[in-house]
Amino acid sequence: MSLRHGFKKEAREITLEVREELGVDVFAPLDPYALAELYGIEITDLSNPCLPPESVRHFTEERPHVFSGALVPLQPSGALIIENHVHHPRRRRSTIAHEMAHVLLEHPFGLTLTGEDGCRPAAAEIEREATELSGELLIPTDAARLAAFRGWSDRCVADHFRVSVPMARWRMNATGARKIAARSSNKRVREHAASA
Ligand SMILES: [Zn+2]
């Protein structure tokens, strides 16, 4: 299943607005923690003493890969992000960006959690939206295209935007950045050959 029609464009527009609010250029790395602060979303991690120690041990020592983060509603309004602090800082940046995407898209709480009946279609769709928007926030489409024109490797893109290499690779492919850069360089070669 793919994203609903027009969503990618919407994600690009939200990203431009958010980056402007943060004063971050389209080609600069975005700090998801600053984004959370801007929207008044508090962040805590699994070292929080209010959390049950057995669950914390499970998610930090026994099976740390199964929990990245969660968005928890606060009464009467607002929300809190709980992140897994034992993960690599780059993965944590993606986690916070993902949870903030749910906030920016005003996704309803609860749907983001897998229910007893398994992963519901509604939940799957909002997860795809959050994943797309968080990718766009961290590496905007225009930034990916510029990086491709400059001939940057996936590793170079990852280091610049402070994300994992698989995330950089996904963005460079999903945005069509590599294909567009390759087409345009082929065109330049052809034009050069024609004018020679
Ligand atoms: Zn999610």
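The donors of the zinc ion follow the spacing H-x3-H-x24-E along the chain. H98 and E127 come from separate helices: H98 sits in α4, residues 89–104, and E127 in α5, residues 121–138. The pair therefore ties together parts that are 29 residues apart in sequence. This is a predicted model, and the zinc site is a good place to enter it.

Now take the donor atoms. Both histidines, H98 and H102, coordinate the zinc ion through NE2. E127 appears twice in the donor list, each time with an OE atom. The distances run from 2.1 to 2.6 Å. What is the geometry of the site with its four donor atoms? The site is irregular, with angles of 53 to 138 degrees among the donors. A tetrahedral label would need all angles between 85 and 135 degrees, so this site does not qualify.

How covered are these ligands? H98 has 16% relative accessibility and counts as buried, because the cut-off for buried is under 20%. E127 has 24% relative accessibility and counts as partly exposed.

Step back to the whole chain. The protein chain holds nine helices and three strands. In sequence order the pattern is α-α-β-α-β-β-α-α-α-α-α-α. The C-alpha trace spans about 70 × 35 × 35 Å along its principal axes. Of the 196 residues, 38% are buried. Contacts between residues 24 or more positions apart make up 66% of those with a separation of 6 or more.

The surface comes next. The protein chain exposes about 11,100 Å². Carbon and sulfur atoms supply 55% of that area. As for charge, there are 25 positive and 27 negative side chains. The centres of the two sets lie 11 Å apart.

Some backbone details deserve a look. Most residues other than glycine have a negative phi, and most peptide bonds are trans. Where does this chain depart from that pattern? Start with the peptide bond between Q75 and P76, which is cis, with omega at about -5 degrees. P76 belongs to the loop between β2 (69–73) and β3 (79–83).

Next is E106, which is not a glycine but has a positive phi of about 50 degrees. E106 lies in the loop between α4 and α5. Those two helices also carry H98 and E127, respectively. Is E106 buried or exposed? E106 is exposed, with a relative accessible area of 70%.

R162 also has a positive phi, near 55 degrees, and is likewise a residue other than glycine. Its place is the loop between α7 (154–161) and α8 (165–174). R162 has a relative accessible area of 46% and is partly exposed. The reason is the cut-off: exposed means over 50%.

One last stop is A34, in helix α2, residues 32–38. A34 counts as partly exposed at 27% relative accessibility. Which distance separates A34 from L22 in space? The two are 7.8 Å apart, C-alpha to C-alpha, and twelve residues apart in sequence.

To retrace the route, return to the metal. The zinc ion is coordinated by H98, H102 and E127. Helices α4 and α5 supply H98 and E127, and the loop between these helices holds E106. The cis bond lies elsewhere, between Q75 and P76.

Conventions. Residues numbered from 1 in each chain as written. Predicted model: local features only at pLDDT ≥ 70, side-chain atom pairs only at ≥ 80, totals over all residues. Heavy atoms only, no water. Helix = DSSP H or I, 4+ residues; strand = E, 2+ residues; numbered from the N terminus. Buried < 20%, exposed > 50% of the residue type's maximum accessible area, 1.4 Å probe, protein only. Contact = heavy atoms within 4.5 Å. Areas by Shrake-Rupley, 256 points an atom, 1.4 Å probe, with all protein chains shown as cover. Lys, Arg positive; Asp, Glu negative; His and termini not counted. Charge placed at Lys NZ, Arg CZ, Asp CG, Glu CD. Donors = N, O, S within 2.8 Å, 3.2 Å for Na, K, Ca; no water. Tetrahedral: all angles 85-135°; square planar, octahedral: opposite > 155°, others 65-115°.
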